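Here's a quick briefing to read with the model open beside you. Have a look around first, then work through the points below.

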Amino acid sequence: CIRIFEECLEKDKEDYKKVKEYIEAHANTTVIECSQATGVSLKVIMQFVREDRVQIVNTLDKIKIDNQK
């Protein structure tokens, strides 16, 4: 049970790193572009938004990293 949790946590860290690096390199990217480029699902990226780890900055779904965390 703990092993499964650790595997999920590691996958989450890997996905977040991919998204973060992509957003930093492509400042005006959209959620969909980020997902397509990184292979991280929209569902996971939107979870990062709900957790306030990634922010949608306008109605065109542009996203950024919250640098204060």
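Which residues make up the largest nonpolar core? Keep in mind that this is a predicted model. The core has 10 residues in all: Tyr-16, Val-19, Tyr-22, Ile-23, Val-31, Cys-34, Val-40, Ile-45, Phe-48 and Val-54. Three elements give two or more residues each, namely helix 1 (2-25), helix 2 (31-38) and helix 3 (42-50). Helix 1 supplies the largest share, with 4 residues.

**Helix 1**

- Helix 1 runs for 24 residues and reaches 35 Å from its first C-alpha to its last, close to the 34 Å expected at 1.5 Å a residue.
- Its buried residues are Asp-15, Tyr-16, Val-19, Tyr-22 and Ile-23.
- Of these, Tyr-16, Val-19, Tyr-22 and Ile-23 also show up in the largest nonpolar core.

**The aromatic pair**

- You'll find 1 aromatic pair in the structure, and Tyr-16 and Phe-48 are the ones forming it.
- The two rings meet edge-to-face, at 5.4 Å centre to centre and with 85° between the planes.
- Tyr-16 belongs to helix 1 and Phe-48 to helix 3, so this pair ties together parts that are 32 residues apart in sequence.
- Both Tyr-16 and Phe-48 are buried, and both are members of the largest nonpolar core.

**Arg-53 and its partners**

- Tyr-16 has a charged visitor too: the charged end of Arg-53 sits over the Tyr-16 ring, 4.5 Å from its centre.
- Arg-53 also makes a salt bridge with Asp-12, at 3.1 Å from N to O.
- That salt bridge links distant parts of the chain, since Arg-53 is in the loop between helix 3 and strand 1 (54-56) while Asp-12 is in helix 1, 41 residues apart.
- Asp-12 is partly exposed, with a relative accessible area of 23%.
- A salt bridge also joins the side chains of Arg-53 and Glu-51, at 2.7 Å from N to O.
- Glu-51 is partly exposed as well, with a relative accessible area of 34%.
- Put together, salt bridges with shared partners join Asp-12, Glu-51 and Arg-53 into one network.

**Salt bridges elsewhere**

- How many salt bridges does a search of the whole structure find? It turns up 5.
- One of them is between Arg-3 and Glu-7, whose closest N and O atoms are 3.1 Å apart.
- Arg-3 and Glu-7 are 4 residues apart in helix 1, so about one helical turn separates them.
- Is Arg-3 buried or exposed? Arg-3 is exposed, because its relative accessible area of 62% is over the 50% cut-off.
- Glu-7 counts as partly exposed, at 44% relative accessibility.

**Around Met-46**

- Met-46 is found in helix 3.
- It is partly exposed, with a relative accessible area of 28%; buried would call for a value under 20%.
- Leaving aside residues up to four places away in sequence, Met-46 touches Val-31 and Ile-56.
- Val-31 is one of the residues in the largest nonpolar core.
- Met-46 and Ile-56 are 10 residues apart in sequence, and their C-alpha atoms are 9.3 Å apart in space.

Technical notes
Residues are numbered from 1 along each chain as its sequence is written. This is a predicted model: local features need pLDDT of at least 70, side-chain atom pairs count only at pLDDT 80 or more; totals for chains, interfaces and linings use all residues. Side-chain values use heavy atoms; hydrogens and water are left out. A nonpolar core is a set of buried Ala, Val, Leu, Ile, Met, Phe, Trp, Tyr and Cys residues joined through side-chain atoms within 4.5 Å. Buried means under 20% relative accessible area, exposed over 50%, partly exposed in between (1.4 Å probe, protein chains only). Rings of Phe, Tyr and Trp (its six-membered ring) pair if their centres lie within 6.5 Å; planes under 30 degrees apart count as stacked, over 60 as edge-to-face and the rest as tilted. A charge sits over a ring if NZ of Lys or CZ of Arg is within 6 Å of the ring centre and within 35 degrees of the ring normal. Contact means heavy atoms within 4.5 Å. A salt bridge is a side-chain nitrogen of Lys or Arg within 4 Å of a carboxyl oxygen of Asp or Glu. The expected span of a helix is 1.5 Å times one less than its number of residues.
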